[in-house]
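Grab a coffee and open the viewer. Below are a few short exercises, each with a solution worked through in steps.

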Amino acid sequence: MNASTQESAREWLPLGTLAEVFGTRACRSMSIENVLIGLFLVDGEIYAIDDICSHGNAKLSEGDVDGFEVECPLHAGLFDIRSGKALSAPVTRDVRSHGIRREGDLIFIQLRR
């Protein structure tokens, strides 16, 4: 099985409705299958990345969000919430991004391992 076949075979997991997941917040943290995920709502789109900074043990979902960038609350490194890409020192390693799909008001996630 090649990588794209493996990716498409992975299960989409339901997270709940937009209101259930976010309420009045624009970001939150969820543990899904023992993976801590940061969920971000920006301009009506939902993005999911690993919630633990690759540089230190801090939750990215507790950082400041500006556009598509989240600042780690521990050392102020920046990540792109769309891709998980590390954008500024002291962070040098990306975090994983995860697939998000919406069906009506329901949100689904596809974890990338």
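Contact here means heavy atoms within 4.5 Å. Keep in mind that the model is a predicted one.

**Exercise 1. Find the surroundings of Asp51: where is this residue placed, and which residues is it in contact with, leaving aside neighbours within four places in sequence?**

Step 1. Start with the address: Asp51 lies in the loop between β4 (45-50) and β5 (65-66).

Step 2. Now collect the contacts, skipping anything within four places in sequence. Asp51 is in contact with Ser29, with Leu36, Ile37 and Gly38, and with Ala58, Lys59, Leu60 and Ser61.

Step 3. Zoom in on Ser29, which is found in strand β2. The side chains of Ser29 and Asp51 make a polar contact at 2.7 Å.

Step 4. Check it from the other end. Not counting residues up to four places away in sequence, Ser29 touches Asp51 along with Leu36, Ile37, Lys59 and Ser61.

**Exercise 2. Work out why Asp51 has no salt bridge to Lys59.**

Step 1. Look for the nearest side chain of opposite charge: for Asp51 that is Lys59, 4.8 Å away.

Step 2. Bring in the cut-off: a salt bridge needs a side-chain nitrogen of Lys or Arg within 4 Å of a carboxyl oxygen of Asp or Glu.

Step 3. Put the two together: Lys59 is 4.8 Å away and the limit is 4 Å, so Asp51 is buried yet has no salt bridge.

**Exercise 3. Trace how strand β3 pairs with β2 and β4, and decide whether β3 is largely enclosed or open.**

Step 1. Take β2 (residues 27-32) first: β2 and β3 pair in the antiparallel sense over six bridges. Ser29 stands opposite Gly38 of β3.

Step 2. Go to the turn of that hairpin. Two residues sit between the strands β2 and β3, and Glu33 takes a positive phi near 50 degrees.

Step 3. Next, β4: β3 and β4 also pair in the antiparallel sense, over six bridges. Ile37 has Asp50 in β4 as its bridge partner.

Step 4. The β3 and β4 hairpin has two residues between its strands, and Asp43 in the turn has a positive phi of about 50 degrees.

Step 5. Finish with burial. In β3 (residues 35-42), six of the eight residues are buried, so the strand is largely enclosed by the rest of the structure.

**Exercise 4. Is Glu62 buried or exposed?**

Step 1. Locate Glu62: this residue is in the loop between β4 and β5.

Step 2. Read off its relative accessibility, 57%. The cut-off for exposed is over 50%, so Glu62 counts as exposed.

Key. Residues numbered from 1 in each chain as written. Predicted model: local features only at pLDDT ≥ 70, side-chain atom pairs only at ≥ 80, totals over all residues. Heavy atoms only, no water. Buried < 20%, exposed > 50% of the residue type's maximum accessible area, 1.4 Å probe, protein only. Lys, Arg positive; Asp, Glu negative; His and termini not counted. Pairing = 2+ DSSP bridges. Polar contact = N/O pair within 3.5 Å; in protein donor to acceptor, adjacent residues only side chain to side chain.
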